[in-house]
Amino acid sequence: MTAKSKSKRRSRLRSWRFWLGSLVTLFLVLCLGVYIALWRISNYPDIPAYTPITHYQFLNPSDDLRCENPSPQNPDPDDPNNDLMIPAYQGWCNTERQHYYRLPQGTNFFGLQYDWITALEKPVGKKPLITREYMQQLGYIYDPSSKVNPNNPGDLPIGLTWHYDRDSGAKILDVSCAACHSSQLTYQGTALVIDGGAGGHALPSLDPTQFMTNSVLSLTVTYFNPFKFNRFARKVLKDTPEADYAMAKAQLRDATWSTIKQALVYGRHNYFLYPTPEGYGRTDGLGRIANTVFGDYISDKNYRTADAPVNYPHVWDIWAFDWVQWMGSVRQAMARNVNEAMGTRAPANFVHADGLYDNSVMMSEMHCIETTLQHLEPPSWPEDVFGPIDNELAGQGKQIFGEVCAKCHGPFNREAVDGKIDYQQTAANHQCQTCHGPLMTDADGQLLDLINRKKHPQVQLAGGTWLGATKPKYELQSARGGYWEMIHIPLDYIGTDPTSAENMINNTYDLSSVVAAIEQARANGAKLRMPDPDKIPDPSQTAFGPGLQFLGGEVRYKQYREWGLMDESGYTAKPETADLVADLDGFGEHDNPVAWRAYRPRPLEGVWATAPFLHNGSVPSIYQLLLPADQRDSQFYLGRKEYNPQTLGLDVRPFKGAFKFDTQLVGNSNFGHEFNDGLCGDGVIGYELKDRPGYCRQFTERERQALLEYLKIHSDGERPDPSSTPHCANISWPQSNQNEVPE
Amino acid sequence: MKLLKRLRHGFARLLRLAWKAAKWLMYITGFYALLFLGVFAWQMAAGALRDPDADLVDNSPAAKAQRQTNNAAIIESVRQMVDRYRTPEYQRDAHSKAHGCVRARFEVFESQATYNHGLFDQPGHYEAWIRFSNGTVPAFPDTESDARGMAIKVMNVDGEQLLPPMLAGRTQDFLMINSPSFFIRSIEDYRELERLTAQGRPFTYFFGEYYLNPFDWRLRELYLGLSTRKPAPNTPLSTQYYSMSAYKLGPHEIKYSAKACENYAVPTVNRDDPNLLRNSMVHLLRERDTCFQFMVQLRDADSRMPIQDTTVRWSEDVSPFVPIARVHIPKQIFDTPQQNAMCEAMSFNPWHGVKQHEPLGYINQLRRDLYLHTAAYRQVRNGITMNEPTSWCDSLTEYCDSESLPHQTTEPNDTDAR
């Protein structure tokens, strides 16, 4: 290198032109990279391919025409062929369906507003972000009965609705129950809408092509791109008079920025917490509730890895259970609902003494949804779509079901067993350290009948008329729920993935800042109670169940107090409102969480429509569920709900944009609940040999087919008649932002 | 001419390139050889110097739960393995090649009060079955190096059994191989090994997925695993067998061992016979009675005698093996189809036993469920029902007739004192 060129280089390093040029180039290259990424997300999202749907169908039409048709084609009342009245489907008319689809529960995703969602454009280009095609690809479901109605002005999927923020009055986007607890199975172009089914979207995913992340991304681009923001503001503020427009636009800009910031904080805290990808149709419910309530709302110290995704459960019989959640850990409907709403980001204040327990959970709406669900029927097998039932085969299946499945899946009549189950003993059995292994035995070495079901009476399958003439008399819960005794099968016996149970049992959370806030509030004169020292001896190491029970309970009692249902103590109902409070709580049960190493088998009516199976969704079809575990798919592909009527499961062959389910990952194990040879227990549930108790064998192919055939038509017996209309009289939605006292 | 020159030139260049490549290959090979030695030395040193149980003992609820999860996964893998190596009967997942089941008398003699617990509480004679086997699955011929197993099932034992009554008989099993230490340290490692074995590639366990990453190597385990493989002894009756894992003996913790009374030899047997161990035993037992000394080694808690880590041999200088019983194998003909079928149907499990001899350690906990499950799996798949026997007669009707029993009149040579 010559001295001349060296000095030339040196002089160049001193030149500001060189530095500016480099910086500008770097900036441009970065911009180009970002632009390409955004363009890709806008145009080629890696999401499941779209299957065109030619025909929608509801299930279980009632025999009589008892519902008003919301959109009659032939409204002429004089014409005998008019369609003013239509049958109910799955026991619901349009009113109930609209309640379920569109009543909010108070969730708030970073302050995203309903009108924004419909006004957002793709990050690149002017096309709207939220289209039917995009959302359907992502597994969201649209209401087939109407495109746009007053409850759904933005043409959004089922379950996406809004509530008004109690302070600011903003119209907040609300993701309600129906978003995750409705499903749609497709089969050769026909779509079956299954109300109360297991949802199939990936709402909590942080993948940039998913709905929630893409919305925030698009909002961010909109914030920084003035042209985009102008168009956005015009759409959002279309009803604002021109005089106020400039101010409203400035406010909108502030609100947008605040949402972006909240979303970034959320992303920073949550990005690494979920190492097992949840994919479509799953979420780590308990883990996310804990991270939101204990982490986001209370303390950064409380974030815990949540690696146990579970299926969205179906909900058509949930109201009849006395224990809910996959682990059977909660015993009260409202407690479950309040915690679920907070976990789905309904904000609540647990750390500031001023306005302690302020929250946005909408309990009257939830109560309406809960009571509406009592009228929902399980889906029945549509023979016109999936083919006819072989009744002879189904008859054989029924016999096998009675011998093998019914001993756990029941259902067990609550009236007959109530008070006869020794919960102390049940708990002891699940804590038992020595009785783990192939055979669960009690202290005397006798074979344990799982949970002292020796005391359960023989349960009549189908035609069990236990409700009939004599209605059981337990306060209100028998008038509206808790008909079925749920049992807990120990983890060592059932052998399915333990991560969910273990996380719930082992994780502890620091609630000392809550205790400090309560002490402060009490010093200021509030009549709030401290945590029960029996359940929470050390607030800095609170277990999941008691912690959530306490926080959710406080939120619940606060609402009841505001409604004037509580006496001076603030925690017991007035005599005249006791019935109403018990009814609101649901089941009339005390809210006592348990954390046993156990999962809860649920009754199986309509189960054919709820694939994939097991609590973690690791088995794609019922056929595979009846096989030895090593013959199940170890990898399969999710993201569309194309049904396979031969296996009563999903079509899980690979396709473009599919989510690959890997059963080797933590929380994804597909072991357990298997029908195999050998000793029963440790995951083998099998067909117990008659001449050798404690030994199991696998099913023959014929037996499997018979069971599949029977499960299509299986019924849990006569469904209890709730004999009440849904308690929806006083719901205020969507007119006001006040939470009214229910009837 | 020019062309030839150019060709020669090109050829020379090619040769230089090849030489260069070969040199590099040699460097890499040499590097890996050194690495191999280094890693091996490091791991052996670590194995010899570390506190063996320190990192293994964890009784937190989470660790217990994790062990149960691992146990379930191991059971699942072993089922797959049993499927994989069926022939066409379902075989054992280990020690599938039997050399035969022989009748034996388990003779407890008077010993010091220290050892008088459980089966050894009182002097007495018990009927027993002994199954000799090769360790590796799928089965090797006897001419190959392998671990040899000896499983004793002592019958008609008094005392409270470890297993629930539905599964328990009145037996006390002793399971041994001819090597004093096992090569797996922890349940996690065991799970990984079984997973890979079920997939038919056990060597991946020792060298990692692509063999090249030295952090995935487990050379100490490989060394211990290979050193359990030994050439065939003269007969299965001529060597010493060890329990490897720890057991209780009343209040004490012990390992046990069975040592052949003498090095019996059968000169007439062909050493290239793939079934030489079975055949040599046939010859030997046709001729004469044989015996084993049954010995126990007490644990000294202050010495390096771990419970969990089964890769560590307990020092016999600190605590020697002490004979407390004798296994007397009478002259007999055992190689009959009925007896061999009975032999395959039987199941041996360290948890077939009385409370005073409870197996210790996590690996023994695993063996309980694993062996119960695989035995039941094998039996149900093969369509056999087999309960724990109470006597020779209970196992095979041909031994019910006391006339046909070759009651030994002559005691074998007393070789207790070594």
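1. The second largest cavity of this predicted model has a lining of 24 residues, and those that lie nearest its centre are Gln136(A), Gly139(A), Gly639(A), Arg640(A) and Lys641(A). The space inside this second largest cavity comes to about 320 Å³. Two elements of chain A, helix H5 (132-137) and strand E6 (182-187), each supply at least two residues of its lining, and E6(A) provides the largest share, with four residues. Sorted by class, the lining of the second largest cavity holds ten nonpolar, twelve polar and two charged residues.

2. The largest cavity encloses about 680 Å³ of space. Its lining consists of 36 residues, and the closest to the centre are His409(A), Pro601(A), Leu614(A), Leu625(A) and His673(A). The elements that contribute two or more residues to this lining are, in chain A, helix H14 (391-409), helix H18 (491-494), helix H23 (622-625) and helix H24 (701-713). Of the elements involved, H14(A) gives the most to the lining of the largest cavity, namely five residues. By class, the lining of the largest cavity divides into 25 nonpolar, eight polar and three charged residues.

3. For the structure taken as a whole, the number of cavities of 30 Å³ or more comes to 15. As background to such a count, rolling a probe the size of a water molecule over the atoms shows where empty space is left.

4. Turning to the cysteines, a search of the whole structure gives five disulfides over all chains. One of these disulfides joins Cys67(A) to Cys93(A), with a distance from S to S of 1.8 Å, and this link is left-handed, with -70° about the S-S bond. The pair connects distant parts of the chain, since Cys67(A) belongs to strand E2 (residues 67-68) of chain A, while Cys93(A) sits in the loop between strand E3 (85-86) and helix H3 (94-102) of chain A, the two cysteines being 26 residues apart. Cys67(A) and Cys93(A) are both buried.

5. Another disulfide in chain A is formed by Cys680(A) and Cys696(A), whose sulfur atoms are 2.1 Å apart; with 110° about the S-S bond, the link between Cys680(A) and Cys696(A) is right-handed. Because Cys680(A) lies in the loop between strand E20 (678-679) and strand E21 (687-688) of chain A, and Cys696(A) in strand E22 (residues 695-697) of chain A, the pair ties together parts that are 16 residues apart in sequence. Both Cys680(A) and Cys696(A) are buried.

6. In chain B, a disulfide joins Cys101(B) to Cys343(B), with 2.1 Å from S to S, and the link is right-handed, with 70° about the S-S bond. Cys101(B) is part of strand E1 (residues 97-108) of chain B and Cys343(B) is part of helix H7 (residues 337-345) of chain B, so the bond ties together parts that are 242 residues apart in sequence. Cys101(B) counts as buried because its relative accessibility is 1%, and Cys343(B), with a relative accessible area of 1%, is buried as well. With the bonded cysteines counted along the chain, the disulfides of chain B follow the pattern 1-4, 2-3, 5-6.

7. Which cysteine has the sulfur closest to that of Cys180(A), and how far away is it? The closest cysteine sulfur is in Cys177(A), at 8.9 Å from the sulfur of Cys180(A), and this is too far for a bond, because a disulfide requires sulfur atoms within 2.5 Å. Cys180(A) is nevertheless buried, with a relative accessible area of 13%. Cys408(A) is likewise in no disulfide, and the nearest cysteine sulfur, which belongs to Cys405(A), is 9.0 Å away. With a relative accessible area of 18%, Cys408(A) is buried, because the cut-off for that class is under 20%.

8. Some totals for chain B complete the note. Chain B contains nine helices and nine strands, and buried residues account for 52% of its 418 residues. Of the contacts in chain B between residues at least 6 apart in sequence, 77% join residues at least 24 apart. The area that chain B exposes is about 19,800 Å², of which carbon and sulfur atoms supply 56%.

Notes:
Residues are numbered from 1 along each chain as its sequence is written. Chains are lettered from A and ligands numbered from 1 in the order in which they are written. This is a predicted model: local features need pLDDT of at least 70, side-chain atom pairs count only at pLDDT 80 or more; totals for chains, interfaces and linings use all residues. Side-chain values use heavy atoms; hydrogens and water are left out. On a 1 Å grid over the protein atoms alone, a cavity is a set of points where a 1.4 Å probe fits but cannot get out, and a pocket is an open set with protein on both sides within 12 Å along at least five of seven lines; lining residues have an atom within 4 Å of a point. Grid points are joined across faces, edges and corners, and a volume is the space filled by probe spheres set on the points. Ala, Val, Leu, Ile, Met, Phe, Trp, Tyr, Cys and Pro count as nonpolar, Asp, Glu, Lys and Arg as charged, and the others, Gly among them, as polar. Buried means under 20% relative accessible area, exposed over 50%, partly exposed in between (1.4 Å probe, protein chains only). Contact means heavy atoms within 4.5 Å. Accessible areas come from the Shrake-Rupley method with a 1.4 Å probe; for residues, only the protein chains shown count as cover.
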